[in-house]
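Here is a short report to read alongside the sequence and the 3D view. Take a moment to turn the structure around before you start.

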2 protein chains.
Amino acid sequence: MSQLLRVQNFGVSSDGFGAGEGQSFERPFGHADPRELFSWAGATASWPNRTEPGGSRGLDDYFTRDFHHGIGAEIMGRNKFGYQRGPWEDLEWQGWWGDEPPFHTPVFVLTHHVRPSFTLSDTTFHFLDASPAEALEAAKAAADGKDVRLGGGTTVVREFLAADLVDTLHIAVAPIELGRGERLWESPDDLLDRFHRDVVPSPSGVTHLLYWRR
Amino acid sequence: MSQLLRVQNFGVSSDGFGAGEGQSFERPFGHADPRELFSWAGATASWPNRTEPGGSRGLDDYFTRDFHHGIGAEIMGRNKFGYQRGPWEDLEWQGWWGDEPPFHTPVFVLTHHVRPSFTLSDTTFHFLDASPAEALEAAKAAADGKDVRLGGGTTVVREFLAADLVDTLHIAVAPIELGRGERLWESPDDLLDRFHRDVVPSPSGVTHLLYWRR
């Protein structure tokens, strides 16, 4: 089995935005409330940030617990890694995720402003100024034969789709409108020329869209 | 996290039968055609018996690929292990699955007619004359901290439900009627006094029912 490039648990609004306008340290998703985009995942038993026992074990839980299965590396954009733009003013920033990032694999951060790799727990961050195809080649080589997750943000997913490098996508459409921000697509139908799609409404209110190559 | 007892990818007809009448070597599911019960799984990319590349990577594939994730042991009934009834006439029978059984863990076969354990590839079959609670204790001890799969057949699932030992169930309801055979339930609503449920229709025609404890 060849290695796949997979988008997983990627949240968008019903009008197609993966993040709002005005991203900052205080507002990583801009004017969007990430709780509205991701409450479906937070309610599940397998949500990695869960601090109390319990949680649902229905449909939504299959998606949260599948997040790391069979994944050997992640590719993300610099805007997912941090709120800063342009050259690094200091290197103290090590991402949003504290000492135990939820990736547990090598992570390749795409940026025009490279910096040295570093390791937090079992996650190592590398910084690449590279094309999507070059980044995917590096990630596959590091993934020990497993699949590669394309972590976002929105711009990075669009770039890899434009380069036709994505094999599967799981997009969770939340029942909210954002009106402006980082747009993933004009319509969920945009991808149907190249992908099959399952539309799976969840009792939680989110709709899971599953795409795989034709 | 405590160890769960999970029923996974268990196929039933729309009228509640997990197997037909008249099970035999030639007809392991009796008058039922197993292809009608399990075609949804066979069409997926992750189906373990797949001999050609391809296959769907939508909703149904999440269920087939979740089959072995986090599972450290299986419990099954003697009628799932083989077509024979009563005392073993010989011990040459080693199950339906050939030299590479798809379990990859210890498997505990419940039977009044115990026989010595044996190993095929990375699956070891043990034979227990035990109550559901005793079998579950043995399986959990062998599961290395992981969950235990309750593999069926129908009678065994009913016995463990009656003993209130099941934590989650994934039942795939196929759009066929069998009329007679091994009945799992009178109605999918039978379990709602003790379980939450998600009803998830799949584009393949099967309906996935997901139960977890209240």
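What follows walks through a predicted model, starting with the sheet of chain B and ending with its partner chain.

## The sheet of chain B

Let's begin with the strands. Chain B holds an open sheet of 9 strands with mixed pairing, and their order is β5-β6-β4-β3-β7-β1-β8-β11-β10. At the edges sit β5 (118–120) and β10 of chain B, each pairing on one side only. From one strand to the next, the twist averages 20 degrees.

For a closer look at one pair, follow β8 (residues 168–174) of chain B: this strand and β11(B) are antiparallel, joined over 6 bridges. Within the pairing, L169(B) stands opposite Y211(B) of β11(B).

## A helix across the strands

Next comes helix α5 (residues 154–162) of chain B, which lies across four strands of that chain: β1 (5–13), β3 (71–77), β4 (106–110) and β7 (147–152). Relative to β7(B), helix α5 of chain B runs at about 130 degrees.

## Where the chains meet

Between the two chains, 14 residues of chain B are in contact with 14 residues of chain A. On the chain B side, the elements giving two or more residues are α2 (59–66), β10 (195–201) and β11 (207–213). Sorted by class, this side has 6 nonpolar, 5 polar and 3 charged residues.

## How the copies are related

A turn of 180 degrees, with a shift of 0.0 Å along the axis, lays chain B on chain A with an RMSD of 0.0 Å. The two copies are therefore related as by a two-fold rotation axis. Both copies use the same surface, as 100% of the contact residues of chain B recur in chain A.

Methods
Residues numbered from 1 in each chain as written. Chains lettered and ligands numbered in written order. Predicted model: local features only at pLDDT ≥ 70, side-chain atom pairs only at ≥ 80, totals over all residues. Contact = placed C-beta atoms within 7 Å. Nonpolar A, V, L, I, M, F, W, Y, C, P; charged D, E, K, R; others polar. Least-squares fit on C-alpha atoms with pLDDT ≥ 70 in both. Pairing = 2+ DSSP bridges. Axes fitted to C-alpha atoms, helices over the stretch in contact; angles between N-to-C directions.
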